[in-house]
Amino acid sequence: MLENVQISNNTQSHAPLGLGCSFYGVARYEESEVADLLDAMAASLEGGVTHFDTAHDYGDGESERLIGRFLAEDVNRRDQILLASKANLKDMSTVAMQRAIDVSRQRLGTDIIDIYYIHWPIPDADMRPWAEALESARRQGQIRAIGVSNFSIAQIEQVAEVAQIDALQLGYNLLWRFSEVDLIPYCHERGISVIAYSALASGILAGKYQRLLSFAPHDQRWGILHFRDGIWGALYPLVEQFNAVAARAGIALSQLALRWILHQPGVMAALVSAKNRRQALANCAALQAELDVSILEELSAISDEAMRQIPDEGNPFGYHP
Ligand SMILES: NC(=O)c1ccc[n+]([C@@H]2O[C@H](COP(=O)([O-])OP(=O)(O)OC[C@H]3O[C@@H](n4cnc5c(N)ncnc54)[C@H](OP(=O)(O)O)[C@@H]3O)[C@@H](O)[C@H]2O)c1
């Protein structure tokens, strides 16, 4: 359980909002854009977000390197942040996992990573060697907690034979709630912390998209299930209903959507990305927003209707390792 993961020399628990760093390095950024990303991290930390989430292969390692650069700029930062990374491997060996942990530590410039996740399961494979490597890394003081991400209950049970699983990271937001039925209650009963990713449903809940989508032909967002023909057309009017609730409440939809997640039982933290100071501060403001329960209930009712339009394909990205 993540409450047991203490940030070094610091007994303070982490805030329930985490900064998702998957966009950091996906593109080749200009130095001015890199400055914006570093500033987004600084603003997040100033705004009370002390949980940073990255992965071994985000931007081929650029995300971890950029966080490492951010941490190196001020030696006090490392102790303030709950640092999480993940490995997405094809090689099933303990050696492959150990190597990934070592590379992540080196890029991040830290001896110890607070949570290290198996990023994606490989269906029908024996993933216990990865979990054994994580348990061994914990014993050696290279990681503090073990997470899995995008795992089913059966997959969690497999790796739990050889390692104590502390956290599950899964997609969860107003437009993706399939895990409420089984995974979230399962984790809650066993003291596994649930970390919700894609808290803004890839920007849909930030009100970014019009009825007519205009991504470039090779834009990776075409792969997101919500934007598929026949689904987006049904979802868009419901997104407009979310927007109307936000307008009435006088709060940005993005902040409402984050607060909604943080009110859900069994969810420990929500991960949201931010590419600049403005976005980071807007997301941090969600931590302050006080909301009437009736607003959250209205959001849940619209979300219930939306969920009837969305097929459960395991994840919204069409990614099946
Ligand atoms: N474990 C996994 O397999 C997995 C999978 C997906 C995500 N994650 C984690 O979850 C994190 C967040 O998920 P995500 O990146 O998919 O999506 P997200 O945070 O739900 O949404 C990102 C989108 O929201 C927009 N946005 C963010 N803050 C905003 C604000 N204040 N105002 C307006 N727009 C705003 C961004 O706009 P811009 O386009 O302008 O930046 C971007 O388009 C990732 O970074 C990663 O750490 C994990």
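Helices and strands are here runs assigned by DSSP, at least four residues long for a helix and at least two for a strand, and they are numbered from the N terminus. The model examined in these exercises is predicted.

**Exercise 1. Locate aspartate 60 and determine whether it is buried, partly exposed or exposed.**

Solution.
Step 1. Aspartate 60 lies in the loop that connects strand S2 (51-53) with helix H2 (62-73).
Step 2. A residue counts as exposed if 12 or fewer other C-beta atoms lie within 10 Å of its own, and as buried if there are 20 or more.
Step 3. Aspartate 60 has 11 C-beta neighbours inside 10 Å, and therefore it is classed as exposed.
Step 4. The backbone deserves attention as well. Most residues other than glycine have a negative phi. Aspartate 60, although not a glycine, has a positive phi of about 55°.

**Exercise 2. Carry out the corresponding analysis for asparagine 150.**

Solution.
Step 1. Asparagine 150 is placed in the loop between S5 and H6.
Step 2. Its phi is positive, about 65°, although asparagine 150 is not a glycine.
Step 3. Because 23 C-beta neighbours lie inside 10 Å, asparagine 150 counts as buried.

**Exercise 3. Classify glutamine 158 and identify the residues that it touches.**

Solution.
Step 1. Glutamine 158 belongs to helix H6 (residues 153-160).
Step 2. There are 18 other C-beta atoms within 10 Å, so glutamine 158 is partly exposed.
Step 3. When residues up to four places away in sequence are not counted, glutamine 158 touches Met127 and Arg128.
Step 4. Alanine 131 provides a further distance: glutamine 158 and alanine 131 are separated by 27 residues in sequence and by 9.4 Å in space, taken from C-alpha to C-alpha.

**Exercise 4. Describe how the strands are arranged and trace the pairings of S1.**

Solution.
Step 1. Strands of a sheet pair through backbone hydrogen bonds, either parallel or antiparallel.
Step 2. In this model, 8 strands close into a barrel in the order S1-S2-S3-S4-S5-S6-S7-S8, with parallel pairing. On average, neighbouring strands of this sheet are turned by 30° against each other, direction ignored.
Step 3. S1 pairs with S8 in the parallel sense over 4 bridges, and glycine 18 has leucine 271 in S8 as its bridge partner.
Step 4. S1 is also joined to S2, again running parallel, by 3 bridges; glycine 20 stands opposite aspartate 53 in S2.
Step 5. Strand S1 (residues 17-20) is covered on both faces: Leu17 and Leu19 are buried on one side, and Gly18 and Gly20 are buried on the other.
Step 6. Elsewhere in the barrel, strand S4 (residues 113-118) and strand S5 (residues 143-149) run parallel and are joined by 5 bridges. Isoleucine 113 has isoleucine 143 in S5 as its bridge partner.

**Exercise 5. Characterise the largest nonpolar core and the surroundings of the ligand.**

Solution.
Step 1. The largest nonpolar core has 88 residues, of which Ala196, Leu205, Ala257 and Ala270 touch the most other members. Helix H9 (residues 253-262) gives the most to this core, namely 6 residues.
Step 2. Alanine 270, leaving aside its neighbours within four places in sequence, is in contact with residues including Leu17, Gly18, Ala196 and Leu258.
Step 3. Around the ligand there are 26 residues, and Gly20, Ser22, Tyr197, Gly203 and Ala206 come nearest.
Step 4. By type, the shell around the ligand divides into 10 nonpolar, 13 polar and 3 charged residues.
Step 5. Strand S8 (269-273) and helix H10 (277-288) each supply at least two residues of this shell.

Notes:
Residues are numbered from 1 along each chain as its sequence is written. This is a predicted model: local features need pLDDT of at least 70, side-chain atom pairs count only at pLDDT 80 or more; totals for chains, interfaces and linings use all residues. A residue is near a molecule or strand if its C-beta atom, placed from the backbone, lies within 6 Å of it. Ala, Val, Leu, Ile, Met, Phe, Trp, Tyr, Cys and Pro count as nonpolar, Asp, Glu, Lys and Arg as charged, and the others, Gly among them, as polar. Two strands pair if DSSP finds at least two bridges between them. Axes are lines fitted to C-alpha atoms, for helices over the stretch in contact, and angles run from 0 to 180 degrees between N-to-C directions. A nonpolar core is a set of buried Ala, Val, Leu, Ile, Met, Phe, Trp, Tyr and Cys residues joined through C-beta atoms within 7 Å. Two residues are in contact if their C-beta atoms, placed from the backbone, lie within 7 Å.
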